[in-house]
Amino acid sequence: MARMRQHAATGHALAIGVCDGEISTLLKERLEAEGLSVFDPGGVPARRDGFWHLLSLTAALAGEASWSCLAALVKIKEVRTAWGLGSGGKAVAELDRFACQHLPGSVELAAELLADLPDHWRLTRQAVQEAWRWRKRLREEPLPEVAHDWLVALQGDRQFNTSNPADHQRTQLAWAWLEEVNQVAAAARDFDLESSPHELWALVMERLEATALEPVRGDVDLVLQGWLE
């Protein structure tokens, strides 16, 4: 960084070649901390987009369906809206109170507890019912069909501007997720795999993790060139 500052002070052009892709992310963050706008043509790891967290929770819901998974999902505004819980934090606060008083370990246990409790746990009951309904679909229906419906439920009313870096990455990740779902479902069908829905969803996430999202270049001060360039 000291050497680059010296070159920048002289007004000379500067090129950086990165021979190890794992260094690119660290270098990009350091350069941005120096106030430079940096473009990495190698792409952005999929798990760095906020939507990755929601997709990971989707896979967890199809599997263990723990209470912590439900609580994390309800903290996401798109999920609260899709489940009719309101866009504010009222549902989050109610689920926190429920957890403190009843210590549910799973969505299934929460449903059993709610069956004997008064109606004032309305938002908690609705969240549990929606989570259990989607879990049933995630485990029983064809992967591509339920993945598409889940994505539409969460993002169907949103307008995306793909010139915006955040929207550009979000749409890329959504399409990549659907593509991986289709490929995993096709492989399971072609090879007659006896895998559980949770295992298939975990495989989708494992394959998606290797995806690099193409960033919006825009106006930049520096491009991190790879060894090939």
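Select the charged side chains: in this predicted model, the chain carries 23 positive and 34 negative charges. The mean positions of the two sets lie 6 Å apart.

Next, show the whole chain as a cartoon. The chain contains 11 helices and 5 strands. Along the principal axes, its C-alpha atoms fill a box of roughly 75 × 45 × 30 Å. The radius of gyration is 22 Å, whereas a compact globule of 229 residues would have one near 17 Å.

Switch to a surface. About 13100 Å² is exposed, and carbon and sulfur atoms supply 51% of that area. Of the 229 residues, 41% are buried.

Now hide the surface and go inside. The largest nonpolar core has 59 residues. Select W67, L70, V74, W83, W177 and W201, the residues with the most contacts inside this core. To see the elements that give two or more residues to the core, colour helix 3 (51-62), helix 4 (67-74), helix 6 (90-102), helix 7 (107-114), helix 8 (122-140), helix 9 (143-155), helix 10 (165-190) and helix 11 (197-209).

Centre on L70. Which residues is L70 in contact with, leaving aside its neighbours within four places in sequence? They are W83, L95, V107, A127, V128 and A131.

Then move to another core, which lies apart from the largest one and has 7 residues. Select M4, V18, V38 and L224, which are among them.

Finally, return to the full chain and display contacts with a separation of 6 or more: residues 24 or more positions apart account for 67% of these.

Conventions. Residues numbered from 1 in each chain as written. Predicted model: local features only at pLDDT ≥ 70, side-chain atom pairs only at ≥ 80, totals over all residues. Heavy atoms only, no water. Helix = DSSP H or I, 4+ residues; strand = E, 2+ residues; numbered from the N terminus. Rg over C-alpha atoms; globule rule 2.2 N^0.38 Å. Buried < 20%, exposed > 50% of the residue type's maximum accessible area, 1.4 Å probe, protein only. Contact = heavy atoms within 4.5 Å. Areas by Shrake-Rupley, 256 points an atom, 1.4 Å probe, with all protein chains shown as cover. Lys, Arg positive; Asp, Glu negative; His and termini not counted. Charge placed at Lys NZ, Arg CZ, Asp CG, Glu CD. Core = buried A, V, L, I, M, F, W, Y, C linked by side-chain atoms within 4.5 Å.
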